[in-house]
Amino acid sequence: MKEFINFIFSVLKSISYNGLFIILSILFPVLFISIDAGAELFLLLKDPYQFYNVGFVALAFHLLTLSMWCLPTLSINLFSFCTGSYTSENERIDLANRLKNRYSFVNDKKYVTSRHWAVLPWLIFNATMVWIYWGKWFALSGIFLFVLINILFRIRRNREKGERKKRHQFLIRNEIWVYVLLIVIYMIPLLMYRLFNWDDLSKIEKGYKWIEWFNICYFGFLMFFISYYTKLLADDWKMPKILEEMNYASEKQGTTSGKQYKKSKRRHLIVLLILNLLMFVVLYVLLNNNLLPLLSPIVVAVLISAFLIINFEFFFSSQFILSNIASYQKHQLRFNIFKLSAGIVLAVVVFTYLFASLNQSKIRTEYSEKVTNASCKQENIENYFENWYRQRLLDGTYNEEDSVTIYLVSGQGGGSRAAVWFIMSMLKAEEATKDIMFYKKIFSISSVSGSISGANMYMAAKHFHVFETLQDNDSLKINNFLKSIYGTNYMSSGIYGLFLSDYLIDGFGGTGRDRNYYFQNEEMNSFMNYLLKYETLKNEDKKNLVLRVKRYFLNDYLENYKPQYNYEFPLFFINAVEVENGTKAIFSPVINDLSVFQNTYKKYRDSSGNNYKALPLITSVNQGQAFPLINSYNFIPGVGRLGDGGFYENSGTETTLETYKKLIQIIDNEKNKGKYGKIRIACITVLNSPPKKEMQKQETKNSILSTLSFLTKNLDSREAAAKALLKNEINKRNQTKDNRYYIEVIPTKSYSLTRALSSQTIDSIFSEMYNAGSGENENTTRFTNALKNLLPVKKEPAAAKTTSDSSENLKIFIQYTDKTKDDASKIQDSLIKEMHITQYPMERINGNYGKFIRYFNKEDLKNVTKINKKFGNGFKIQYLGDKFPDIPTEQIEIWVGESE
């Protein structure tokens with residue numbers, strides 16, 4: 001018991017000494033977990049496209065381990081140069097020995113040596129990876145096995161000291177070759193990736209499980225090797241004693257100590273140079289060539305941790321320790337002055353980073369003679385709607401004599417998952433309505449955070465004819481599109497910019513770039529690379545395509561709304577928040593006199609000094625999703641600093657409500673009577689995360705941390721109110737309570753809030769949207785049926801009716817599988833001819849389910865029973881009114897599945 005208590009105190013004492021380095025080493029794992037991105041980063045490593053990152057992750061962790069353990073012997077040279085003392089080699093060796101004892105605690109049992117802390121991040125990483133791949137029990141078993149094997153190794157090591165000393169001596173003397181071997185080991189995944197051409201997924205589908213097992217085994221091997229080699233390096237400091245025990249002459253100890261000093265200095269210099277070279281040259285070159293997304297965020301984060309540790313130690317931590325040692329030995333004032341100077345420099349660095357960054361993060365603008373404040377005046381929304389509607393009549397989108405539906409779309413924030421879900425929802429809507437003109441019927445899109453990117457990419461895809469016809473909306477094409485753009489890692493450049501490039505490189509260089517700038521280029525290049533890879537192009541067209549893509553993304557935000565584009569694009573409302581005063585700021589193509597929020601683009605154009613400066617579309621998109629840490633808050637002249645709109649209202653429905661009110665005002669205006677036909681306005685809200693269950697109200701602990709925790713978990717509280725106001729306004733206008741003109745689409749599962757989605761997660765989201773089954777994703781089925789409910793009614797000619805039937809107004813939606821398509825067609829024909837029900841398009845649903853009829857209002861039970869009896873009572877009847885209370889009466893679903 002006494003030994004255990006002593007061990008606990010030694011751990012606590014060691015933490016107090018190594019605390020800063022431990023915090024830096026585990027900073028990013030904690031950060032990733034806190035922003036709900038941790039699991040997704042591990043799934044990315046499992047992704048065959050990211051297979052080559054396995055070795056790079058191991059390399060990064062090895063450098064982190066070395067940076068934590070590696071004795072900062074080179075710091076003695078810096079200390080000697082700055083203070084003009086300890087100039088002889090013997091003095092420096094003595095200083096190194098004293099420094100060594102402060103770091104490794106070889107002769108002090110009150111501390112746990114730093115080498116044990118050095119391997120901690122690597123152990124956490126491996127345990128987490130196994131946990132995510134195979135569950136917590138497998139991970140806990142792995143940790144237990146690791147501890148057990150280390151205990152067995154320690155027992156065996158105590159029994160075979162002589163053999164161990166020889167092995168250690170051999171490895172230390174051949175340290176360079178050990179590192180050469182390590183480089184080869186780390187490069188194995190990359191070599192395999194290139195050798196077998198695994199960038200083509202079709203070639204590795206059968207070997208997917210093999211890759212997963214290889215990853216685990218590879219990491220497991222490296223976990224043990226790195227922990228062993230870290231211990232070996234620590235033992236290197238005991239070599240004089242080891243050599244003495246092996247009968248080396250005692251008079252050679254001084255020489256050996258000198259060799260150890262030089263070797264340690266060389267090792268520290270090499271690690272310091274490698275990490276600084278990686279940070280300032282390699283990663284920055286990758287960043288400027290839009291290649292940094294190829295490196296896992298884990299690699300970048302761990303390298304930054306290692307860089308911060310070894311540089312902080314070299315310039316500050318070791319200098320404080322050496323000053324204390326020197327002042328104790330020589331009692332000279334210069335050492336205290338040097339210590340004070342180092343402290344002031346450190347304080348200045350921290351202060352400028354936190355409070356006075358050298359990079360002012362000014363908004364990206366593009367100089368263009370075509371863009372002037374006079375030529376970029378926003379049109380009034382009333383005039384814009386009149387021209388937009390007239391254009392729809394001219395191109396055949398609408399028929400003036402028929403009832404027409406205008407869609408106002410809102411998109412909820414939520415990182416890359418929001419973007420993926422938004423695009424899928426729009427394509428699903430096109431498929432459900434069988435309407436190739438669906439996109440042209442969207443008058444406005446109001447989006448927040450990640451869905452801003454999704455809306456922009458959806459409009460870009462339409463502009464570049466990616467989904468030209470409904471027949472092209474096959475699963476492979478959608479998957480390729482989404483994985484090309486959102487299977488890309490957008491976190492690495494943000495992390496690198498946050499901790500290094502924004503501050504030290506682009507800040508000093510005055511380049512006008514920051515992490516926002518690189519993120520914009522990465523999104524643009526992802527879209528461009530998709531077109532170059534998957535779209536059919538002639539070689540001579542590629543250069544022109546690149547120019548057209550850049551023109552689209554880098555043109556001024558208002559460019560797409562000029563008359564020459566024939567009102568092709570929906571109004572794209574980008575919702576942001578002004579940091580200085582916390583108010584909502586909207587990038588709006590038009591002026592709405594109802595709006596009480598800041599018209600960001602107008603204020604930018606009205607500000608002096610912005611003439612001939614385009615505010616690029618991609619920059620505006622980025623500002624609405626400027627999430628803390630990953631993005632910076634850009635300063636816009638005449639406006640202020642803007643941040644993620646989700647911190648004000650996260651659904652986009654607040655802006656949609658303003659647009660809805662204005663359209664109603666325009667349509668009902670006396671002077672416009674007869675100008676517009678029979679217009680119905682439907683609002684679609686695309687939500688990408690299941691609604692939070694209301695927490696049970698109970699007394700909570702009165703503490704700062706608990707209060708902050710609740711606040712951060714309820715940032716979207718304004719969202720619920722905004723949606724409710726929009727629903728109420730729509731129902732009041734249409735004198736109904738069934739929300740038939742307010743349509744939501746929402747997933748049933750939760751997905752990580754991140755900007756680095758794995759292929760596995762995109763496949764899961766796709767499956768939820770497109771592969772409905774019994775009880776699996778009923779929300780998307782509700783969505784498609786609600787859209788069908790707004791379609792023009794197609795009825796049989798009056799002569800075909802024989803009797804007046806109460807079932808005539810029924811709206812019946814039929815779902816079928818590939819195997820039951822013929823049965824579904826027969827059922828549909830029978831219902832139309834004999835019961836005269838409203839005809840709606842049938843929907844093919846992937847999945848395995850039985851035969852059942854669903855209804856949502858008890859008044860419809862009579863008709864449901866009648867339909868079931870007509871088909872031999874072969875369907876199971878399900879009442880789902882409690883689960884979906886907003887479905888209107890006389891709406892029924894028939895699921896024609898395989899017989900159970």
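**Figure 1. Strands β14 and β18 run parallel in this predicted model.** Let us start with two neighbouring strands. Strand β14 covers residues 811-816 and strand β18 covers residues 891-896, and six bridges join them. To find your place along the pair, look for Ile 814, which has Ile 894 of β18 standing opposite. These two strands belong to an open sheet of five strands, in the order β15-β14-β18-β16-β17, and the pairing in this sheet is mixed. At its edges are β15 (843-844) and β17 (876-879), each of which pairs on one side only.

**Figure 2. Helices α29 and α31 meet the strands of the five-stranded sheet.** Helix α29 is made of residues 778-788 and packs on the sheet. Trace its contacts and you will find that α29 touches β14, β15, β16 (851-855) and β18. The direction of α29 makes about 125° with that of β18. Now turn to helix α31, residues 861-870, which lies across β14, β16, β17 and β18. Relative to β16, helix α31 runs at about 160°.

**Figure 3. Two lysines place their charged ends over phenylalanine rings.** In one part of this view, the charged end of Lys 851 sits over the ring of Phe 875, at 5.1 Å from the ring centre. In the other part, Lys 870 has its charged end over the ring of Phe 871, and here the distance to the centre is 5.9 Å.

**Figure 4. Strand β5 is largely enclosed by the rest of the structure.** Why can we say this about β5? Eight of the eight residues in this strand, 571-578, are buried, so the rest of the structure largely encloses β5. Follow the side chains and you will see two sets: Leu 571, Phe 573, Asn 575 and Val 577 point one way, while Phe 572, Ile 574, Ala 576 and Glu 578 point the other way. The residues of both sets are buried.

**Figure 5. Strand β5 pairs with β4, β6 and β11.** With β4 (residues 442-448), strand β5 pairs in the parallel sense over five bridges, and Ser 444 stands opposite Leu 571 of β5. With β6 (residues 584-587), the sense is antiparallel and there are four bridges. Asn 575 has Ile 586 as its bridge partner in β6. The hairpin of β5 and β6 has five residues between the strands, and Gly 582 takes a positive phi near 75° there. Strand β11 (residues 640-644) also runs antiparallel to β5, joined by three bridges. Look for Asp 644 in β11, the bridge partner of Ala 576.

**Figure 6. Phe 597 and Tyr 648 form an edge-to-face aromatic pair.** The structure holds 44 aromatic pairs. In the one shown here, the rings of Phe 597 and Tyr 648 are 5.9 Å apart, centre to centre, with 80° between their planes. The pair links distant parts of the chain, 51 residues apart: Phe 597 is in the loop between β7 (590-591) and β8 (598-599), and Tyr 648 is in the loop between β11 and α25 (653-668). Are these two rings' residues buried or exposed? Phe 597 counts as buried because its relative accessible area is 16%, and Tyr 648 because its value is 18%; the cut-off for buried is under 20%.

**Figure 7. Val 54 is a buried residue of helix α3.** Helix α3 spans residues 53-69. Val 54 has a relative accessible area of 0%. Although Val 54 and Val 299 are 245 residues apart in sequence, their C-alpha atoms are 9.2 Å apart in space.

Note on methods. Residues numbered from 1 in each chain as written. Predicted model: local features only at pLDDT ≥ 70, side-chain atom pairs only at ≥ 80, totals over all residues. Heavy atoms only, no water. Buried < 20%, exposed > 50% of the residue type's maximum accessible area, 1.4 Å probe, protein only. Pairing = 2+ DSSP bridges. Phe/Tyr/Trp six-rings, centres within 6.5 Å; stacked < 30°, edge-to-face > 60°. Lys NZ or Arg CZ within 6 Å of the ring centre and 35° of its normal. Contact = heavy atoms within 4.5 Å. Axes fitted to C-alpha atoms, helices over the stretch in contact; angles between N-to-C directions.
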